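I set out to record what I looked up in this structure, entry by entry. The notes follow the order in which I consulted the model.

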Amino acid sequence: MISQAEFFDSYAEKWDSMERPDICDLLDRVVRESGISAGMDILDVGTGTGVIIPCIQRATNGDCNLRAIDISAGMLAIARSKVNLPNVRFELADIEDFDCPDCSFDAIICNAVYPHFTNKSKVLSRIWSLLRPSGIIVVSHPTGREAVNKVHREASAVVTQDKVPTIEVMSFMLSAAGFTNISTTDEPEFYLAHAGKPH
Ligand SMILES: C[S@@+](CC[C@H](N)C(=O)[O-])C[C@H]1O[C@@H](n2cnc3c(N)ncnc32)[C@H](O)[C@@H]1O
C-alpha cells in the first residue's frame with residue numbers, strides 16, 4: 001500500500017478543484033469561531049494546498065506569523081505556488097514527530113487532518129507542548145463529520161479507516177490531554193472543536 005504522503009501527493013494538482021464552492025465561507029467561519037486574531041503565532045498542521053491561509057490572513061489583517069506544515073511535498077508545492085508572503089513559512093514535517101524546542105504558538109489549527117493522525121493522543125500532547133499558556137487548539141472539518149467519513153470510506157484503503165471522531169470522543173480526548181474551555185459544534189455540514197491550554 002502507498003503511504004499517506006504519496007496518497008496526498010497524487011491529489012495535489014487537483015485538490016483545489018475538488019473543494020466545495022463555498023469552502024472559503026466555511027473556513028472563514030472556522031477561523032472566526034475559533035478566536036484566531038491579530039498578533040498570533042499560528043501553526044497550520046496539514047496545510048495541504050494552503051486553503052485556510054487566506055482566511056487567517058483576512059482575520060488577522062496579515063498581522064500574524066504563520067507556519068504551515070505537511071507531510072506531502074506535492075501539496076506543499078501547490079501551497080508555495082499560491083502563497084508567497086513574508087509572514088508565512090512552509091515546511092515538510094509530520095506533526096507526529098515535529099520536534100521544535102524553540103517553537104511556541106498561540107494557536108494550532110488542524111483543519112481536515114485530525115483523522116489522518118496515527119497516534120492521536122501523542123499528537124494532542126505534542127500540540128499541548130507547542131502551545132503557549134492560553135493558546136488554542138482547533139480541530140475542524142468545515143464540510144461536516146459524515147461527509148468526511150464518506151469520502152474517506154470511498155477514496156482509498158490508505159484513508160478508509162480515518163474517521164472524524166464524534167464530538168463526544170473529541171471532547172474526551174481534548175480533556176484527557178489537559179485542554180479546557182472546550183467548545184464544540186457538530187452540524188450536518190460543519191464540525192468544529194476548539195479548546196484552550198490553561199494559563
Ligand atoms: C485532507 S488534506 C487537508 C488539507 C488542508 N488542511 C485543507 O483543508 O484543504 C490533509 C492534509 O494533511 C496532511 N497530513 C496528514 N497527516 C499529517 C501529519 N501527521 N502531519 C502533517 N500533515 C499531515 C496530508 O498530507 C494532507 O495534505
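Entry 1, burial of A112. I looked up the surroundings of A112 in this predicted model and counted 23 other C-beta atoms within 10 Å. The cut-off for a buried residue is 20 or more, so A112 is buried. I located A112 in the loop between strand 4 (105–111) and helix 6 (120–130). I then read its backbone: phi of A112 is near 60 degrees, which is a positive value in a residue other than glycine.

Entry 2, the ligand. Which residues come nearest to the ligand? I found 22 residues around the ligand, and F8, G46, G48, S72 and A112 come nearest. I noted that helix 1 (4–11) and strand 2 (64–70) are the elements that give two or more residues to this shell. Helix 1 gives the most, with three residues. By class, I recorded 12 nonpolar, seven polar and three charged residues in the shell around the ligand.

Entry 3, S134. I turned to S134 for its backbone angle, and its phi is near 75 degrees, again a positive value in a residue other than glycine. I placed S134 in strand 5, which covers residues 131–141. Is S134 buried or exposed? I counted 11 C-beta neighbours inside 10 Å; the cut-off for exposed is 12 or fewer, so S134 counts as exposed.

Entry 4, helix packing. I examined how helix 3 (residues 23–34) packs with helix 4 (residues 53–60): the angle is about 50 degrees and the axes are 9 Å apart. Angles that are neither under 35, over 145 nor from 65 to 115 degrees count as oblique, and helix 3 is therefore oblique to helix 4. The crossing of the two helices is right-handed. On the helix 3 side, I listed C24, L27, D28, V31 and R32 as making the contact. On the helix 4 side, the contact residues are C55, I56, R58 and A59. I sorted the contact of helix 3 with helix 4 by class and obtained six nonpolar, no polar and three charged residues.

Entry 5, E187. I found E187 in strand 6, which covers residues 180–187. E187 counts as exposed because it has 9 C-beta neighbours inside 10 Å. I also looked up its separation from S104: the two residues are 83 residues apart along the chain, and their C-alpha atoms are separated by 32 Å.

Note on methods: Residues are numbered from 1 along each chain as its sequence is written. This is a predicted model: local features need pLDDT of at least 70, side-chain atom pairs count only at pLDDT 80 or more; totals for chains, interfaces and linings use all residues. A residue is near a molecule or strand if its C-beta atom, placed from the backbone, lies within 6 Å of it. Ala, Val, Leu, Ile, Met, Phe, Trp, Tyr, Cys and Pro count as nonpolar, Asp, Glu, Lys and Arg as charged, and the others, Gly among them, as polar. Axes are lines fitted to C-alpha atoms, for helices over the stretch in contact, and angles run from 0 to 180 degrees between N-to-C directions. A crossing is left-handed if the near helix is turned anticlockwise from the far one by less than a right angle, and right-handed if clockwise. Two residues are in contact if their C-beta atoms, placed from the backbone, lie within 7 Å.
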